[in-house]
Amino acid sequence: MEPQNLTCVSEFLLLGLSDDPELQLLLFGLFLSMYLVTMLGNLLIILAFISDSHLHTPMYFFLSNLSLTDISISTTTVPKMLVNLQMHSKSITYAGCLAQVSFFSLFACLESLLLTVMAYDRLVAICHPLYYLVIMNPRTCGLLVLASFFTSFLTSQLHYLMMSQLTFCADMEIPHFFCDLSQLLKLACSDTSINNILILFIGTIFGGVPLSGVLYSYYRITSSILRVSSSGGNYKAFSTCGSHLAIVCLFYGTGLGVYLSSAVSSSPRKGAVASVMYAVVTPMLNPIIYSLRNKDIKSALWRITHRIA
């Protein structure tokens with residue numbers, strides 16, 4: 001088949017999770033509910049941080065940025081899927097597909113880096129409590145978030161450049177509910193060996209290095225906690241890490257699940273279903289995990305509710 005340059009392609013077709021009309025109606029209701037819960041939960045955490053001075057600490061500053069990132073990840077993929085389900089359409093424009101690839105890689109990388117920064121914050125708080133506010137001062141916290149954002153932005157631009165250089169044959173069907181770069185590479189007619197190497201390199205750097213940082217931080221935290229003689233002190237120290245550790249396991253666990261499912265399964269649709277956990281469910285569960293396990297967040301939300309009432 002004659003390859004055609006991507007800039008000449010007007011649209012792609014997102015095959016989604018199912019072709020069954022009745023199931024599509026169910027999927028619309030399900031994903032709309034999940035998106036609304038994601039928006040509400042994360043916005044409440046951001047509102048609690050802004051409105052309650054008790055939460056103006058490094059930990060909650062990073063948490064509010066994580067919530068904003070979760071909102072952005074869901075907004076990158078879910079609204080377009082909902083529109084396609086409602087309109088019984090599968091099309092996405094070239095510009096829209098390019099935007100999804102760029103923004104999804106930006107916010108996924110940003111979430112990984114923010115989780116590492118939050119692990120470092122807990123490391124300093126537990127291992128160096130007397131110097132915590134000196135080390136994690138507002139300037140340092142701001143620089144850590146900005147560095148994470150600009151690093152993620154550079155990564156997203158690499159993905160943008162990779163996609164813009166691809167050429168495609170006549171088949172424009174993407175077996176996914178959003179424009180996933182790995183699926184686009186499979187549709188390309190041009191040589192994608194360099195692209196695959198670059199994706200593997202970026203995935204190793206921005207997946208493996210942050211995860212190694214998290215594991216090292218918790219190794220130091222665990223060693224420090226075990227040196228505390230009282231069981232009450234152990235519980236109090238580790239309770240501040242419980243929610244973060246749960247979110248780390250959820251984020252990297254679902255990401256690894258997506259990778260393994262795409263590597264083992266020959267069905268692209270199964271890989272798309274696995275991606276739902278990573279791209280939709282994780283951003284929804286993050287605020288629930290933090291609000292259920294965190295007394296400060298629950299108290300702040302209660303004070304907000306009381307003021308409104």
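A helix axis here is a line fitted to C-alpha atoms over the stretch in contact, and angles run from 0 to 180 degrees between N-to-C directions. Keep that in mind as you work through these exercises on the predicted model above.

**Exercise 1. Get your bearings**

Find how many helices and strands the protein chain has, and what share of its residues count as buried.

*Solution.* Start with the secondary structure: the protein chain holds ten helices and five strands. Next comes burial: 48% of the 309 residues of the chain count as buried. Finally, look at the contacts between residues at least 6 apart in sequence: 79% of them join residues at least 24 apart.

**Exercise 2. Helices α5 and α7**

Work out how α5 and α7 are oriented relative to each other, and which residues bring them into contact.

*Solution.* Step one is the geometry. Helix α5 covers residues 138-164 and helix α7 covers residues 193-226; their axes come within 11 Å and cross at roughly 165°.

Step two turns the angle into a description. An angle over 145 degrees counts as roughly antiparallel, so α5 and α7 are roughly antiparallel to each other. The crossing in which α5 passes α7 is left-handed.

Step three is the contact. From α5 come T151, T155, L158, H159 and M162, and from α7 come N195, L198, I199, I202 and F206. Sorted by character, the residues of this contact are six nonpolar, four polar and no charged.

**Exercise 3. A closer look at T155**

Decide whether T155 is buried or exposed, and list what it touches.

*Solution.* First place the residue: T155 belongs to helix α5. Its relative accessibility is 3%, and the cut-off for buried is under 20%, so T155 counts as buried. Setting aside residues up to four places away in sequence, T155 touches C109, I202 and F206. I202 and F206 are also among the α7 residues of the contact with α5. For one more distance, the C-alpha atoms of T155 and G203 are separated by 10.0 Å, although these residues are 48 residues apart along the chain.

**Exercise 4. The other side of the story: α2 and α5**

Describe the packing of α2 and α5 by angle, handedness and residues.

*Solution.* Helix α2 (residues 58-87) packs with α5 at an angle of about 25°, and their axes are 10 Å apart. Angles under 35 degrees count as roughly parallel, so that is the label for α2 and α5. Their crossing is right-handed.

Now for the residues: P58, F61, F62 and N65 of α2 meet C141, G142, L144 and V145 of α5. This contact consists of six nonpolar, two polar and no charged residues.

**Exercise 5. α3 with α7, and T116 within it**

Determine how α3 and α7 pack, then say what surrounds T116.

*Solution.* Begin with the angle: α3 and α7 pack at about 15°, with axes 9 Å apart. The two helices are therefore roughly parallel to each other, and their crossing is left-handed.

Then list the contact. Residues of α3 including C109, S112, T116 and R122 meet residues of α7 including F206, P210, G213 and R220. Overall, the contact has 14 nonpolar, five polar and two charged residues.

Last, zoom in on T116, which lies in helix α3. With a relative accessible area of 18%, T116 is buried. Neighbours within four places in sequence aside, T116 is in contact with P210, G213, V214 and Y252.

**Exercise 6. Assemble the sheet**

Work out the strand order of the open sheet of three strands, and which strands are at its edges.

*Solution.* Take the pairs in turn. Strand β2 (residues 11-14) runs antiparallel to strand β3 (residues 91-93), and three bridges join them; in β3, S91 is the bridge partner of L13. Two bridges join β2 to strand β5 (residues 173-174), and this pair is parallel; here I174 in β5 is the bridge partner of L14.

Put together, the order is β3-β2-β5, with mixed pairing. The edge strands are β3 and β5, since each pairs on one side only.

Now add the faces and the helix. In β2, F12 and L14 form the covered face, while E11 and L13 form the uncovered one. Helix α3 (residues 94-127) lies across β2, β3 and β5, running at about 80° to β3.

Terms used: Residues numbered from 1 in each chain as written. Predicted model: local features only at pLDDT ≥ 70, side-chain atom pairs only at ≥ 80, totals over all residues. Heavy atoms only, no water. Helix = DSSP H or I, 4+ residues; strand = E, 2+ residues; numbered from the N terminus. Parallel < 35°, antiparallel > 145°, perpendicular 65-115°, else oblique. Left-handed = near helix turned anticlockwise from the far one by under 90°. Contact = heavy atoms within 4.5 Å. Nonpolar A, V, L, I, M, F, W, Y, C, P; charged D, E, K, R; others polar. Buried < 20%, exposed > 50% of the residue type's maximum accessible area, 1.4 Å probe, protein only. Pairing = 2+ DSSP bridges.
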